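Please examine the structure shown below with its sequence at hand. The paragraphs that follow lead through it step by step.

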Amino acid sequence: MTHQLEIRNLHATVGDQPILKGINLTVPRGELHAIMGPNGNGKSTLAKVIVGDPEYTVTEGEILVDGQNILEMEPDERARLGVFLAFQYPVEIPGVTIANFLRLAMQARKAEGEEVSFTEFYGKLQSALKTLEWDESIVERYLNAGFSGGEKKRNEILQMLMLEPNYIIMDETDSGLDVDALKIVSKGVNSMRGENLGGLIITHYQRLLDYIVPDKVHIILDGKVVQTGGPELAKKMDTEGYDWVKELATA
Ligand SMILES: Nc1ncnc2c1ncn2[C@@H]1O[C@H](COP(=O)(O)OP(=O)(O)OP(=O)(O)O)[C@@H](O)[C@H]1O
């Protein structure tokens with residue numbers, strides 16, 4: 001079996017408005033690919049369609065995770081396959097502590113009859129908090145309630161470290177982070193890098209990619225991947241903007 005996230009000719013709409021217009025993309029496990037592109041061109045939509053957000057309708061194409069078409073699967077089944085989205089705007093859940101949330105989320109990924117042991121949970125938690133330079137008291141707080149923007153993003157990485165996904169999709173996880181938080185969040189992601197992890201990193205900024213160096217960079221324009229290159233492509237965007245890509249795409 002090939003371990004990869006494969007997106008083939010993906011078209012998706014919201015209402016009757018087409019947003020994704022034939023995305024083709026393959027991310028083997030072991031690689032992190034950056035997704036860049038101007039505002040409003042379908043990057044977040046792609047992320048949400050991959051995890052099965054019911055607001056979007058897939059009208060054509062396939063999404064294969066390790067060879068399995070996931071389009072008919074519910075979001076929780078996709079999560080069980082190890083697909084994890086770190087949200088651009090993480091939700092607040094007052095009344096549910098981070099500790100309880102993490103435990104439930106870990107349990108949900110287990111096979112039936114298998115329990116998350118306290119030792120497993122606590123061991124992982126200690127190690128994740130250490131990586132994220134976070135005090136243990138944070139997990140007694142309600143999920144994201146009253147969190148600063150940076151704390152919410154750090155909490156997304158905490159979930160990622162605990163759940164050990166096979167594929168991560170990070171949607172502008174760097175937005176709103178100060179430079180220290182950016183380094184910590186990147187350290188969290190880099191600590192997971194290896195042959196078991198694949199993923200997409202949606203970002204507008206080269207500064208994140210200085211810390212999490214991508215294997216490939218894709219530019220999305222009007223719902224399609226119009227350019228793919230190495231890390232140098234992101235640097236070019238940073239200095240030259242998108243005009244040249246738009247010109248190429250319309251030529
Ligand atoms: N739920 C929705 N309802 C209405 N329009 C939507 C919805 N989701 C996305 N769109 C529209 O689809 C287009 C693409 O949006 P999307 O959020 O995917 O862009 P993006 O490339 O991630 O932008 P940004 O860089 O600003 O985050 C936009 O015109 C947006 O208004």
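In this predicted model, the ligand is surrounded by Val14, Ile19, Gly37, Asn39, Gly40, Asn41, Gly42, Lys43, Ser44, Thr45 and Glu55. By character, two residues of this shell are nonpolar, seven are polar and two are charged. Which helix gives the most to the shell around the ligand? It is helix α1, formed by residues 43-51, which supplies three residues.

The strands may be considered next. Six of them make up an open sheet, and their order across it is β6-β9-β10-β3-β11-β12. The pairing within this sheet is mixed. Strands β6 (83-86) and β12 (224-229) occupy the edges; each has a single partner strand, and therefore one side of each has no neighbour in the sheet. From one strand to the next, the twist averages 20°.

At one of these edges, β6 pairs with strand β9, residues 167-171, in the parallel sense, and four bridges connect the two. Within this pair, valine 83 is found opposite tyrosine 167 of β9. Elsewhere, helix α9, which comprises residues 243-250, lies across β11 (216-221) and β12. The helix runs at about 65° to β11.

A further set of strands can be followed from β1, residues 4-14, which runs antiparallel to strand β4, residues 57-65. Seven bridges join β1 and β4, and isoleucine 7 stands opposite isoleucine 63 in β4. Strand β4 also pairs with β5, residues 68-69, in the antiparallel sense, through two bridges. Here valine 65 has glutamine 68 in β5 as its bridge partner. Together, β4 and β5 form a hairpin with two residues between the strands. In its turn, aspartate 66 has a positive phi of about 50°.

The interior remains to be described. In soluble globular proteins, nonpolar side chains tend to be buried together. In this model, the largest nonpolar core contains 58 residues. Which residues have the most contacts inside this core? They are Ile157, Ile169 and Ile201. Helix α5, spanning residues 149-163, gives the most to the core, with five residues.

Isoleucine 201 offers a detailed view of such contacts. Leaving aside residues up to four places away in sequence, isoleucine 201 touches Leu32, Ala34, Ile35, Met170, Ile212 and Pro214.

Definitions and conventions. Residues numbered from 1 in each chain as written. Predicted model: local features only at pLDDT ≥ 70, side-chain atom pairs only at ≥ 80, totals over all residues. Pairing = 2+ DSSP bridges. Axes fitted to C-alpha atoms, helices over the stretch in contact; angles between N-to-C directions. Contact = placed C-beta atoms within 7 Å. Core = buried A, V, L, I, M, F, W, Y, C linked by C-beta atoms within 7 Å. Buried ≥ 20, exposed ≤ 12 C-beta atoms within 10 Å, placed from the backbone. Near = placed C-beta within 6 Å. Nonpolar A, V, L, I, M, F, W, Y, C, P; charged D, E, K, R; others polar.
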